Amino acid sequence: MTILIASAWDAKPWVDRFNALLPERGIVVLGEPFDRRAVHYVAAWAPPPGSLAGLPNLDVIFSLGAGVDHLMSDPRLPEDVPIVRVINPDLTTRMSEYVVLHCLAQLREHDLYTRQQRQKLWTRTSNPPAAADVRVGIMGMGVLGQDAARKLKTMGFDVAGWSQSGRPVDGIPMFAGREDLGSFLNRTDILVALLPLTEVTRGILNLDLFGQLARDGRLGGPVLINVGRGGLQKESDILAALDGGILKTAVLDVFETEPLPPESPLWAHPSVIVTPHNSAVSTPDATVRYIAESIRRYEAGEALQGMIDRGRGY
Ligand code: NDP
Ligand code: OXD
């Protein structure tokens, strides 16, 4: 019942946690010699394409993150094996912290006052907006989107959500699918992208979409926060929208190419905030606990949680 760690990240902290929490299992690392027939579980983050093929006794593939696009893009990904993604309060809380932080920073003009301090300027905005005056629209109302929505609502923001199904979420007005996208965008001052990257969502954050955001908001222009995936966004369109006054600010945690290349104009753009895909890191402790519990459930014949639908791609 060996577990194979197939991760683009440093394997050591993961090996240590797996050994600590599942001491009776064999833990092997992709790139080192191991018996492929012994592997029943894989814990993966962006493994090289094809590297999970040829594991004849594989039972479950665990993504080390919430997203699975890093697996679904592999044309040789083993078929008929369940894929389980991370759902845990540690990751969810971290994501909501990031989203709330950046919505509050926009509301409270954090960047302006930081610059003013450097200039020793004592001036303040008269009649600043309240949170209730700011309409936040969350694209992707799954585990992460729903938690962020609830926390933003608690802070007083006027929050709405958009998802494929429009499945109801307590206390949050919901918009569904392409049909409702225009009305959702028209009432949005801060757009938070928390969508998975799929065939359907690739490139959705483009100039046409930015042009549909609310123009009458209290922030002086629409704000984009992308914490989903870089493949959702067209970076040339973000730059054009910022330079053309269609977007006021872009807060980007994810990029078309990661790490963000040094030559990208996003780094130095005055209206862009760049973070290194760290809005919600998967910590070895919380993630391995989740995987260990999932393995226990699987081996007890209980239903796996966090299983993705391969047809939808998330
Ligand atoms: P979920 O699978 O729980 O939720 C996905 C949501 O997106 C659902 O509401 C789903 O709609 C919606 N959705 C999917 N496709 C479409 C579409 N074509 N049109 C409209 N809505 C759509 O995922 P999580 O909330 O757990 O995570 C979301 C994403 O966040 C991950 O896939 C990952 O890419 C990203 N992420 C980024 C991190 C970072 O550090 N930057 C960390 C963790 C995650 P429906 O409800 O109808 O199914
Ligand atoms: C994830 C991520 O998908 O960290 O969990 O991006």
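Sort the shell around ligand 1 by class and you get 15 nonpolar, 10 polar and 5 charged residues. Keep in mind while you look that this is a predicted model. Of the 30 residues in that shell, R85, M141, Q164, S165 and Y314 come nearest to the ligand. Some of the shell can be traced to named elements: helix α3 (89-107), helix α5 (143-154) and strand β7 (158-163) each supply at least two of its residues.

Now zoom in on single atoms. Y314 uses a polar side-chain atom, which sits 2.6 Å from an oxygen atom of ligand 1. With Q164 the backbone is involved: one of its polar backbone atoms is 2.8 Å from a nitrogen atom of the ligand. G142 also takes part through its backbone, with an N or O atom 3.1 Å from an oxygen atom of ligand 1. How much of ligand 1 does the protein bury? Taken alone, the ligand exposes 940 Å², and the protein buries 94% of that.

On to ligand 2. The residues around it are W45, G65, A66, G67, L91, R229, H277 and A280. By class, that makes 4 nonpolar, 3 polar and 1 charged. H277 reaches ligand 2 with its side chain, placing an N or O atom 2.6 Å from an oxygen atom of the ligand. R229 brings in a polar side-chain atom at 2.7 Å from a ligand oxygen, while G67 offers a polar backbone atom 2.8 Å from an oxygen of ligand 2. On its own, ligand 2 has 210 Å² of accessible area, and the protein covers 90% of it.

Away from the ligands, there are charged pairs to look at. Side chains of opposite charge can pair when their charged atoms come close. A search of the whole structure turns up 18 salt bridges, and here are three of them.

| Salt bridge | N to O distance | Accessibility of the Arg | Accessibility of the partner |
|---|---|---|---|
| R37 and D35 | 3.3 Å | R37: 58%, exposed | D35: 39%, partly exposed |
| R135 and D216 | 2.9 Å | R135: 17%, buried | D216: 59%, exposed |
| R296 and E293 | 3.0 Å | R296: 41%, partly exposed | E293: 35%, partly exposed |

Which parts of the chain does the pair of R135 and D216 link? R135 belongs to strand β6 (residues 135-139), whereas D216 lies in the loop between α7 (207-210) and β10 (223-226), so the salt bridge links distant parts of the chain, 81 residues apart. R135 counts as buried because its relative accessible area of 17% falls under the 20% cut-off. D216 is exposed, since its 59% is over 50%.

The pair of R296 and E293 sits within one element. Both residues are in helix α9 (residues 284-299), and because they are 3 residues apart there, about one helical turn separates them. Where does this pair lead? E293 and R296 belong to a network of salt bridges that also takes in R297 and E302.

That leaves R37 and D35, whose closest N and O atoms are 3.3 Å apart. R37 is exposed at 58% relative accessible area, and D35 is partly exposed at 39%.

Terms used: Residues numbered from 1 in each chain as written. Chains lettered and ligands numbered in written order. Predicted model: local features only at pLDDT ≥ 70, side-chain atom pairs only at ≥ 80, totals over all residues. Heavy atoms only, no water. Salt bridge = Lys/Arg side-chain N within 4 Å of Asp/Glu carboxyl O. Buried < 20%, exposed > 50% of the residue type's maximum accessible area, 1.4 Å probe, protein only. Helix = DSSP H or I, 4+ residues; strand = E, 2+ residues; numbered from the N terminus. Near = heavy atom within 4 Å. Polar contact = N/O pair within 3.5 Å; in protein donor to acceptor, adjacent residues only side chain to side chain. Areas by Shrake-Rupley, 256 points an atom, 1.4 Å probe, with all protein chains shown as cover. Nonpolar A, V, L, I, M, F, W, Y, C, P; charged D, E, K, R; others polar.
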